[in-house]
Structure formats: C-alpha cells, structure tokens
Amino acid sequence: MRPYEMMVLLHPDVEDHKELVDEIGTVIKNLDGETADVNVWGKRQLAYPIEEMTEGFYAVYTFGMESATVDELDRQIGLKGNVVRHMIVRRDEA
C-alpha cells in the first residue's frame, strides 16, 4: 500500500456534510483502502468563484491504497454530485 492524500471540496449548500464525508470514507474502504485520518476543515472562502460559488466545505483524507485502485477512486469521487472539486496526491513514504 502506498500513502495518499485527497482534498475534497464539497458544495456549501449540502445539509449534512458529515454524512457526505463519511460516504467518501466508505468509498475508500470499499476499494480496499485504509483510511488513516479525515481532517474536516469546514466551510471556507474560495480564492476564486467556481460555478458562482464563493464558499465551499473542505475535507482532507489521508489513506493507504494500492496504486492500481487510485484511478477507480478518482472516477467514483468525480461521479458524486455534491463534490465540486477533488485532488489525490501521493505522499512521501519517508
């Protein structure tokens, strides 16, 4: 397993962000990933408007996953309607 980090920007109008954050964590676990930490930043001002939104709800996931499965994770997160943006990066193993 390799260490990864994923930042997710959620739509600010979602009623229950906790449920959506947990749902994304479940997607990671269903793809045989090991979630180490979920850091919820909360609602923040965006640096520039995205689709006329000026705020977003941020969550950062730290997890381990096989590199062959990361593309499927990227695809499944992209299909979620309330996810505005997301980015997955591989962390240093040291």
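This report covers salt bridges, surface charge, buried positions and backbone angles in one predicted model.

## Basis of the model

The model is predicted: local features need pLDDT of at least 70, side-chain atom pairs count only at pLDDT 80 or more, and totals for chains, interfaces and linings use all residues. Residues are numbered from 1 along each chain as its sequence is written, and side-chain values use heavy atoms, with hydrogens and water left out.

Three terms recur below. Helices (H or I, at least four residues) and strands (E, at least two) are DSSP runs, numbered from the N terminus. Buried means under 20% relative accessible area, exposed means over 50%, and partly exposed lies in between (1.4 Å probe, protein chains only). Contact, or touching, means heavy atoms within 4.5 Å.

## Salt bridges

A salt bridge is a side-chain nitrogen of Lys or Arg within 4 Å of a carboxyl oxygen of Asp or Glu. The whole structure holds four salt bridges. One of them joins R91 to E5, at 3.2 Å from N to O. This pair ties together distant parts of the chain. R91 sits in the segment after β4, E5 sits in strand β1, and their positions lie 86 residues apart in sequence. R91 is partly exposed at 35% relative accessible area. E5 is also partly exposed, at 28%.

Two further salt bridges sit within helices. K18 pairs with D22 at 3.3 Å, N to O. Both are in helix α1, and because they are four residues apart, about one helical turn separates them. K18 is exposed, with a relative accessible area of 56%. D22 counts as partly exposed at 40%. In helix α2, R75 and E72 are three residues apart, so about one helical turn separates them. The closest N and O atoms of R75 and E72 are 2.8 Å apart. R75 is partly exposed at 44% relative accessibility. E72 is partly exposed at 28%.

## A negative surface patch

D13, E15, D16 and E19 form a patch of negative charge on the surface. Patch members have over 30% relative accessible area and no salt bridge; like charges are joined within 9 Å, and nonpolar side chains (Val, Leu, Ile, Met, Phe, Trp, Tyr) within 5 Å. Lys and Arg count as positive and Asp and Glu as negative, while His and the chain ends are not counted. Each charge is placed at NZ of Lys, CZ of Arg, CG of Asp or CD of Glu. Accessible areas come from the Shrake-Rupley method with a 1.4 Å probe; for residues, only the protein chains shown count as cover.

D13 lies in the loop between β1 (2-10) and α1 (17-30). D13 is exposed, with a relative accessible area of 58%.

## T62 and its surroundings

T62 belongs to strand β3 (residues 53-65). T62 is buried at 18% relative accessible area. Leaving out residues up to four places away in sequence, T62 touches Y4, E5, E34, T35, A36, D37 and R91. Thus both partners of the R91–E5 salt bridge are among the contacts of T62. M6 is 56 residues from T62 along the chain, yet their C-alpha atoms are separated by 6.6 Å.

D37 is placed in strand β2. D37 is partly exposed, at 42% relative accessibility. With residues up to four places away in sequence not counted, D37 touches V60, Y61 and T62. D37 and E5 are 32 residues apart in sequence, and their C-alpha atoms are 9.5 Å apart in space.

## A buried lysine

K80 lies in the loop between α2 (70-78) and β4 (83-90). K80 is buried, with a relative accessible area of 19%. The contacts of K80 are E23, I24 and V27, not counting residues up to four places away in sequence.

## Positive phi in the β2–β3 loop

E51 and E52 both have positive phi, in residues other than glycine. Phi is near 50° for E51 and near 65° for E52. E51 lies in the loop between β2 (34-50) and β3. E52 is found in the loop between β2 and β3. E51 is exposed at 65% relative accessible area. E52 is exposed at 79% relative accessibility.
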